[in-house]
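Open your viewer and get ready to click along with this tour. At each stop you will select something and then look at what is there.

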Amino acid sequence: MSESSRLKFFCDEHRCISCDGCSVACAQAHELPAGINRRKVIAMNEGIAGLEYSLSIACMHCTDAPCEQVCPTDCFYIREDGIVLHDKEKCIGCAYCLYACPFGAPQFPQDGAFGVKGVMDKCTMCAGGPQETNSHKEREMYGQNRIAEGKVPVCASMCATKALLVGDSEAISAIYRERVLSVGHGAKTQPYGWSTAYGSKI
């Protein structure tokens with residue numbers, strides 16, 4: 001990975017089978033409390049025959065992150081590899097980031113009389129936080145730090161159809177380009193389904 005490389009997520013809608021395995025794996029690996037969903041699978045064009053597809057959505061670790069721009073306490077920071085992280089000890093739970101994020105990534109653990117409250121939580125791309133790497137405090141506040149161990153995020157590592165990709169943005173683009181160009185040239189042309197991912201249920 002070059003010095004200018006940036007890590008990105010990409011979900012291939014032609015391969016996602018809406019199994020929710022990525023969101024379940026994320027919640028279990030990071031021991032997330034009830035009500036916090038760092039990753040979720042959503043259905044697009046639900047109920048419209050031939051146009052329905054699924055996407056796995058989380059923080060997209062934007063190059064020019066709007067959450068960072070609106071945060072009044074500057075709790076967000078962007079690493080050199082492009083991962084957008086935040087410092088929970090600086091967060092005041094104002095929810096400005098939630099209103100600015102086009103993906104609905106910021107999560108808040110409590111409901112109060114005047115709306116959402118509590119310190120914000122979001123996808124860290126399994127890269128921890130500002131605390132000491134792989135320390136007990138980092139694990140308690142941010143979950144696993146798989147990036148420091150040279151591993152891919154848990155959501156992508158368990159994706160059965162390899163719909164959810166993560167890595168250097170240029171490498172991800174090359175993989176998707178190869179998939180697009182292979183359509184109609186001896187490769188599978190129909191979207192993935194349960195039978196493709198797991199074989200016949202009979």
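**Stop one: a covered lysine**

Select Lys88 to begin: this residue is buried, with a relative accessible area of 15%. Keep in mind as you click around that the model is predicted.

Which residue forms a salt bridge with Lys88? Add Asp121 to your selection: the closest N and O atoms of Lys88 and Asp121 are 2.6 Å apart. Lys88 lies in the loop between β5 (84–86) and α3, while Asp121 lies in the loop between β7 (115–117) and α4, so this pair ties together parts that are 33 residues apart in sequence. Is Asp121 buried or exposed? Asp121 is buried, at 7% relative accessible area.

Stay with Lys88 and show the ring of Tyr142 too. The charged end of Lys88 sits over that ring, 5.4 Å from its centre.

**Stop two: more charged pairs**

Here is the general idea for this stop: side chains of opposite charge can pair when their charged atoms come close. How many salt bridges does the structure hold? There are seven salt bridges in the structure.

Select Glu89 and Lys137 next. Their side chains meet in a salt bridge, with 2.8 Å from N to O. Glu89 is in the loop between β5 and α3 and Lys137 is in helix α4, so the pair links distant parts of the chain, 48 residues apart. Lys137 is partly exposed, with a relative accessible area of 41%.

Now add Arg38 to Lys88 and Asp121. Salt bridges that share partners join these three residues, Arg38, Lys88 and Asp121, into one network.

Then move to Glu31 and Arg139, whose side chains also meet in a salt bridge, at 3.5 Å from N to O. Where does each partner sit? Glu31 is in the loop between α1 (21–29) and β2, and Arg139 is in helix α4 (residues 136–142). The two are 108 residues apart, and the pair links distant parts of the chain. Glu31 is exposed, with a relative accessible area of 59%, whereas Arg139 counts as partly exposed at 35%.

**Stop three: two paired strands**

Select residues 40–44, which are strand β2, together with residues 53–57, which are strand β3. The two strands run antiparallel, and five bridges join them. To find one of the matches, click Met44: its bridge partner in β3 is Tyr53.

How much of β3 is covered? Four of its five residues are buried. Try Ile57, which is found in this strand. Ile57 counts as buried because its relative accessible area is 14%, and buried means under 20%. Now draw a distance from Ile57 to Lys40: their C-alpha atoms are separated by 5.4 Å, although the residues are 17 apart along the chain.

**Stop four: a charge over a ring**

Select Arg39 and Phe9. The charged end of Arg39 sits over the ring of Phe9, 4.5 Å from its centre.

**Last stop: a nonpolar patch**

Turn on the surface and colour Val70, Tyr96 and Tyr99. These three form a nonpolar patch on the surface, with about 350 Å² of accessible area together. Look at Tyr99 within the patch: its place is in helix α3 (residues 96–100). Is Tyr99 buried or exposed? Tyr99 is exposed, with a relative accessible area of 67%.

Key. Residues are numbered from 1 along each chain as its sequence is written. This is a predicted model: local features need pLDDT of at least 70, side-chain atom pairs count only at pLDDT 80 or more; totals for chains, interfaces and linings use all residues. Side-chain values use heavy atoms; hydrogens and water are left out. Buried means under 20% relative accessible area, exposed over 50%, partly exposed in between (1.4 Å probe, protein chains only). Two strands pair if DSSP finds at least two bridges between them. Patches are made of residues with over 30% relative accessible area and no salt bridge: like charges are joined within 9 Å, nonpolar side chains (Val, Leu, Ile, Met, Phe, Trp, Tyr) within 5 Å. Accessible areas come from the Shrake-Rupley method with a 1.4 Å probe; for residues, only the protein chains shown count as cover. A salt bridge is a side-chain nitrogen of Lys or Arg within 4 Å of a carboxyl oxygen of Asp or Glu. A charge sits over a ring if NZ of Lys or CZ of Arg is within 6 Å of the ring centre and within 35 degrees of the ring normal.
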